[in-house]
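Morning, everyone. Let me put the structure up on the screen, and then we will walk through it strand by strand.

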Amino acid sequence: MRQLFEIDLKDYEDCNRVFSRPSARGIIFRDGNKIALVYSKNEKYYKFPGGGIHENEDPKDALIREVREEVGLIVIPESICEFGSVMRRQKSNVSPHTIFEQDNFYYICKITDQIVAQNLDHYEAEAGFVLRFVDLDEAIHMNSAYKSEDYFNEIMIKRETKVLQLIKDEIQ
């Protein structure tokens with residue numbers, strides 16, 4: 001898979017461990033120019049539906065599972081195609097002396113017409129995750145204004161915003 005870009009904060013000079021958490025994320029269009037995104041009602045940002053790949057789990061299987069859990073959309077397996085990856089590396093906000101390393105694999109995919117109930121983790125429910133179909137410009141605009149006391153979240157949203165902009169650039 002082609003690497004789109006890398007985010008390396010190089011803020012981990014005192015770290016001696018690495019925690020790796022790869023993820024799979026869906027790029028899903030509907031009605032031509034509307035993209036399916038997770039909207040955080042509490043934090044006011046957009047992110048791609050998807051999440052962590054379990055140990056020994058195929059990334060495409062993780063994509064299907066995570067999209068269903070986060071937004072209730074059913075991915076059509078044979079429609080999945082690679083878009084690109086983003087490596088994120090920074091000091092962990094949870095574990096001391098640990099580097100957080102995340103390969104984010106983005107896939108373009110199609111969905112069925114069916115929407116099922118979300119199955120959110122505790123933190124996702126607290127963030128108020130809901131499915132929204134929005135214009136790329138709306139998502140880019142909202143994310144560009146996003147500020148948080150949690151710098152870890154800010155870096156995640158900067159990543160998502162940059163991928164949104166890359167998608168916009170490619171389809172124009």
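Which residues of strand E3 lie on one side, which on the other, and are they buried or exposed? Here is the answer. Ser23, Arg25 and Ile27 sit on one side, Ala24 and Gly26 on the other, and all of them are buried. Both faces of E3 are covered. Put as a count, 5 of its 5 residues are buried. Before I go on, please remember that this is a predicted model.

So what does E3, residues 23–27, pair with? On E7, residues 50–52, it pairs in the antiparallel sense, over 3 bridges. Look for Arg25 there: its bridge partner in E7 is Gly50. E3 is also joined to E10 by 5 bridges, and those two run parallel. In that pairing, Ser23 has Asn104 of E10 as its bridge partner.

Stay with E10 and step across to E9. E9 and E10 pair in the antiparallel sense, with 10 bridges. One place to look is Met87, which stands opposite Asp103 in E10. The two strands make a hairpin, with 6 residues between them. In the turn, His97 has a positive phi of about 60 degrees. Pro96 lies in that loop between E9 and E10 too. Is Pro96 buried or exposed? It is exposed, because its relative accessibility is 53% and the cut-off for exposed is over 50%. From Pro96 to Arg132 is 36 residues along the chain, and their C-alpha atoms are separated by 36 Å.

E9 itself covers residues 81–91. Of its 11 residues, 8 are buried, so the strand is largely enclosed by the rest of the structure. E9 has another pairing, with strand E1, residues 3–8. That one is parallel, over 5 bridges. Find Asp8, and its bridge partner in E9 is Arg89.

Next, the core. A general point comes before the details. In soluble globular proteins, nonpolar side chains tend to be buried together. Here, the largest nonpolar core has 23 residues. Ile28, Leu63, Val67 and Leu73 have the most contacts inside it. Which elements give two or more residues to this core? They are strands E5, E8, E10 and E12, plus helices H1 and H4. H1 gives the largest share, 4 residues. There is a second, separate core of 21 residues, and it includes Tyr106, Val134, Leu136 and Ile167. Now pick out Val67. Leaving aside neighbours within four places in sequence, Val67 touches Ile28, Pro49, Gly72, Leu73 and Val75.

On to the largest pocket. It holds about 680 Å³ of space. Its lining has 33 residues. Which of them lie nearest the centre? Arg21, Phe100, Gln102, Tyr123 and Phe152 do. Several elements each supply at least two lining residues, among them E3, E10, H2 and H4.

E6 is another supplier of that lining, and Tyr46 is in strand E6. Is Tyr46 buried or exposed? It is buried, because its relative accessible area is 1%, and buried means under 20%. Leaving aside neighbours within four places in sequence, its contacts include Leu37, Tyr39, Arg132, Met142 and Ile157. Compare positions with Tyr123: the two tyrosines are 77 residues apart in sequence and 15 Å apart in space, C-alpha to C-alpha.

Two loop residues deserve a look. Lys44 is in the loop between E5 and E6. Its phi is near 65 degrees, a positive value in a residue other than glycine. Lys44 is partly exposed, with a relative accessible area of 45%. Asn56 is in the loop between E7 and H1. Asn56 also has a positive phi, about 65 degrees, and is not a glycine. Asn56 counts as exposed, at 78% relative accessibility.

Last topic, cysteines. How many disulfides does a search of the whole structure find? It finds 0. Take Cys109. Why does it have no bond to its closest cysteine? The closest cysteine sulfur, in Cys81, is 8.7 Å from the sulfur of Cys109, so it is too far for a bond. The cut-off is within 2.5 Å. Cys109 is buried, with a relative accessible area of 3%. Cys15 counts as buried as well, at 15% relative accessibility.

That is my tour. Over to you for questions.

Key. Residues are numbered from 1 along each chain as its sequence is written. This is a predicted model: local features need pLDDT of at least 70, side-chain atom pairs count only at pLDDT 80 or more; totals for chains, interfaces and linings use all residues. Side-chain values use heavy atoms; hydrogens and water are left out. A nonpolar core is a set of buried Ala, Val, Leu, Ile, Met, Phe, Trp, Tyr and Cys residues joined through side-chain atoms within 4.5 Å. Buried means under 20% relative accessible area, exposed over 50%, partly exposed in between (1.4 Å probe, protein chains only). Contact means heavy atoms within 4.5 Å. Two strands pair if DSSP finds at least two bridges between them. On a 1 Å grid over the protein atoms alone, a cavity is a set of points where a 1.4 Å probe fits but cannot get out, and a pocket is an open set with protein on both sides within 12 Å along at least five of seven lines; lining residues have an atom within 4 Å of a point. Grid points are joined across faces, edges and corners, and a volume is the space filled by probe spheres set on the points.
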